[in-house]
Amino acid sequence: MNRSQLRALTASYLDDLEQTYFTAAQVNVWLNNAQRKVQRLLIEAKQNFYLKCVQTTTVENECSLGLPDDFMMAHRLEIVLSGVFPNEDKCPIEPITLMQQDLLGPTPSTPSAYYFKKNNLGLAPIPDNEYIVRLTYSYAVADMTSDTSVPDVPERYHELLSIYAALDGFVKDDRDNTYLMKIADNYIDMMKKESQQRQEQTSRRVVTRGDDWGMGDIW
């Protein structure tokens with residue numbers, strides 16, 4: 001569904017089919033807020049719906065790397081030690097706290113850890129050379145800006161945007177939201193079950209041990 005269709009669905013939940021009581025501008029804001037909320041739920045499900053990968057090159061004796069403008073959450077930071085794709089020697093850079101950087105010492109070397117400082121990543125130790133660094137992260141979804149805009153949410157969860165937008169309208173009107181909350185909870189349960197089922201790629205195995213079955217037989 002696009003924004004116009006989502007707004008019409010929201011209006012039906014709000015019993016405002018003519019869209020005269022709640023303005024289009026209001027509902028558009030609620031829908032964009034709902035899109036960000038649904039994105040957070042999907043990220044929490046840890047199924048990598050919003051991954052993006054960028055790379056940059058470190059500067060010798062400088063530890064800060066600016067984060068992308070649409071950065072939301074880091075999933076992996078890696079450093080390329082040598083070679084070229086696909087024959088690279090690379091390894092992950094582990095997250096640490098600001099205070100833990102002191103454990104790695106002040107001498108410039110190959111970075112092995114990172115920490116956040118506002119809109120930057122701090123590398124530790126400080127790079128002693130130029131290295132390629134790759135960041136895989138979840139990006140912040142962009143607002144829908146026109147009625148033909150489609151939300152950056154899997155289509156099966158589009159209805160949930162209208163439900164959350166309608167809930168904002170119910171708060172304004174001080175109306176009972178039990179029915180809509182039940183539907184929203186059903187969608188959240190669906191997300192949780194989906195996150196468990198997406199990885200079922202191999203059959204389950206039972207390892208038995210003992211004289212009757214033999215040592216280490218796998219069934």
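**View 1. Phe49 sits in a loop after helix H2.** In this predicted model, we only talk about local features where pLDDT is at least 70, side-chain atom pairs count only at pLDDT 80 or more, and totals for chains, interfaces and linings use all residues. Residues are numbered from 1 along each chain as its sequence is written, and side-chain values use heavy atoms, with hydrogens and water left out. Phe49 is found between H2 and strand E1 (51-57); helices (H or I, at least four residues) and strands (E, at least two) are DSSP runs, numbered from the N terminus. Is Phe49 buried or exposed? Neither, quite: with a relative accessible area of 24%, Phe49 is partly exposed. Here buried means under 20% relative accessible area, exposed means over 50%, and partly exposed is in between (1.4 Å probe, protein chains only). Gln39 is ten residues away from Phe49 along the chain, and the two C-alpha atoms are separated by 8.6 Å.

**View 2. Here's the whole chain, for orientation.** Look for four helices and ten strands. Starting at the N terminus, the order is α-α-β-β-β-β-β-β-β-β-α-α-β-β. The chain has 219 residues, and 36% of them count as buried. About 13600 Å² is exposed, with carbon and sulfur atoms supplying 50% of that; these areas come from the Shrake-Rupley method with a 1.4 Å probe, and for residues only the protein chains shown count as cover.

**View 3. Helix H1 has its buried residues on one side.** Which residues of H1 are buried? They are Arg3, Leu6, Arg7, Thr10, Ala11 and Tyr13. They cover an arc of only 155° around the axis, so they end up on the same side of H1; the arc is taken from the directions from the helix axis to the C-beta atoms. At the start of H1, a side-chain oxygen of Asn2 reaches to within 3.2 Å of the backbone nitrogen of Ser4. That is a polar contact, a pair of N or O atoms within 3.5 Å; within protein, one must be able to donate a hydrogen and the other to accept it, and residues adjacent in sequence count only if both atoms are side-chain atoms. After H1 comes Asp15, with a positive phi near 55°.

**View 4. Asp16 is tucked into the loop between H1 and H2.** The loop runs between helix H1 (3-13) and helix H2 (24-44). Asp16 has a relative accessible area of 8%, so it counts as buried. Its side chain reaches the backbone nitrogen of Thr20 at 3.2 Å. Not counting residues up to four places away in sequence, Asp16 touches Ala11, Tyr21 and Phe22, where contact means heavy atoms within 4.5 Å.

**View 5. Thr58 is a buried loop residue with plenty to touch.** You'll find Thr58 in the loop between E1 and E2. Thr58 is at 2% relative accessibility, which is why it counts as buried. What does its side chain reach at 3.1 Å? The backbone oxygen of Asn129. Leaving aside neighbours within four places in sequence, Thr58 is in contact with Leu123, Pro127, Asn129, Glu130, Tyr131 and Val133.

**View 6. E2, E7, E6 and E5 make an open sheet.** The four strands line up in the order E2-E7-E6-E5, and the pairing is mixed. Strand E2 (64-66) and strand E5 (94-95) are at the edges with a single partner strand each, so one side of each has no neighbour in the sheet. Strand E6 (residues 113-117) pairs with strand E7 (residues 120-124) in the antiparallel sense, over five bridges; two strands pair if DSSP finds at least two bridges between them. Lys117 has Asn120 in E7 as its bridge partner.

**View 7. Strand E3 has E8 and E4 as antiparallel partners.** E3 and E8 are joined by eight bridges, and Val80 stands opposite Ile132 in E8. E3 also pairs with strand E4 (residues 87-92), over six bridges, and there Glu78 stands opposite Pro92. The hairpin from E3 to E4 passes through two residues.

**View 8. Val38 belongs to the largest nonpolar core.** A nonpolar core is a set of buried Ala, Val, Leu, Ile, Met, Phe, Trp, Tyr and Cys residues joined through side-chain atoms within 4.5 Å. This one has 44 residues, and those touching the most other members are Val38, Leu77, Leu160, Leu161, Ile163, Tyr164 and Leu180. The elements giving two or more residues to this core include H1, H2, strand E3 (71-84), helix H3 (158-173) and helix H4 (178-197). Not counting residues up to four places away in sequence, Val38 touches Val153, Leu160, Leu161, Tyr164 and Met191.
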